[in-house]
Amino acid sequence: MGKIVLTEFISIDGVVEAPGGEDFKYQNWTFEFDRGDGERYKEAESLRATALLLGRKTYEGFAAAWPQYEGGLADKYNTMPKYVVSRTLTDPKWAGTTVLNGDLAQDVTRLKQEVNGEISVAGSIQLAQSLLALDLIDEIHLMASPLILGHGRRLWTQTPDKTAWTLSEATIYGDSTLLTIYTRRTTA
């Protein structure tokens with residue numbers, strides 16, 4: 001059985017928009033502070049994943065970039081199964097991609113039953129928010145940069161109900177970058 005692992009770069013005021021650039025007032029904000037061994041952690045996290053589950057915009061960014069790279073992480077991304085949630089993408093070019101365009105809850109529940117291991121949701125703000133609202137996330141990895149950005153898209157929006165989580169890891173990397181890992185508590 002698979003588990004959905006949400007992994008995000010986040011500011012301390014909850015902004016997750018454009019951590020590596022894109023069209024945003026504070027481009028590359030996650031690189032303003034040295035993450036030290038956090039870089040190795042992020043690579044190991046990616047290599048540990050069995051599959052990727054992405055929203056269309058994040059998928060398009062990954063698909064445009066990763067096939068051009070070489071090395072262990074590029075090999076992993078380019079050969080692993082990828083699932084993209086989209087109603088508009090019909091002919092994905094990146095090898096190993098399956099488009100999920102049905103009911104999100106049903107598609108992700110089925111995916112968790114079919115894939116053994118970690119199904120990584122990287123970035124993909126709108127998808128992440130939908131998965132949180134549907135209570136389909138099993139683990140949340142947040143790498144918090146010591147910045148208050150003041151504006152930008154935030155990870156959390158309103159959800160239908162409260163959920164309980166256990167802090168399973170908290171590590172400071174480099175220059176005040178905090179990695180926290182939360183695991184979904186199951187109700188007794």
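Ring pairs join Phe62, Trp66, Tyr69 and Tyr77 into a cluster, and this cluster is a good place to begin reading the structure, which is a predicted model. When the whole structure is searched, six aromatic pairs are found. One of them is formed by Phe62 and Tyr77, whose ring centres are 5.7 Å apart and whose planes stand at 45°, so the pair is tilted. Because Phe62 belongs to helix 2 (residues 56-65) while Tyr77 belongs to helix 3 (residues 72-79), the pair ties together parts that are 15 residues apart in sequence. Both Phe62 and Tyr77 are buried.

Aromatic rings also take part in another arrangement, in which a lysine lies over the face of a ring, as the table shows for Phe9 and for Trp94.

| Lysine | Ring beneath | Distance from the ring centre |
|---|---|---|
| Lys42 | Phe9 | 4.9 Å |
| Lys82 | Trp94 | 4.5 Å |

A further lysine, Lys25, is found in the loop between strand 1 (2-11) and helix 1 (38-48). Lys25 counts as exposed because its relative accessible area is 61%, and exposed means over 50%. Its side chain makes a polar contact of 3.5 Å with the side chain of Tyr26. From C-alpha to C-alpha, Lys25 and Thr58 are 18 Å apart in space, and they are separated by 33 residues in sequence.

Is Gln129, a residue of helix 5 (residues 125-133), buried or exposed? Gln129 is buried, since its relative accessible area is 17%, and the limit for buried is under 20%. Leaving aside neighbours within four places in sequence, Gln129 is in contact with Arg153, Arg154, Leu155 and Thr157.

Conventions. Residues numbered from 1 in each chain as written. Predicted model: local features only at pLDDT ≥ 70, side-chain atom pairs only at ≥ 80, totals over all residues. Heavy atoms only, no water. Buried < 20%, exposed > 50% of the residue type's maximum accessible area, 1.4 Å probe, protein only. Contact = heavy atoms within 4.5 Å. Helix = DSSP H or I, 4+ residues; strand = E, 2+ residues; numbered from the N terminus. Polar contact = N/O pair within 3.5 Å; in protein donor to acceptor, adjacent residues only side chain to side chain. Phe/Tyr/Trp six-rings, centres within 6.5 Å; stacked < 30°, edge-to-face > 60°. Lys NZ or Arg CZ within 6 Å of the ring centre and 35° of its normal.
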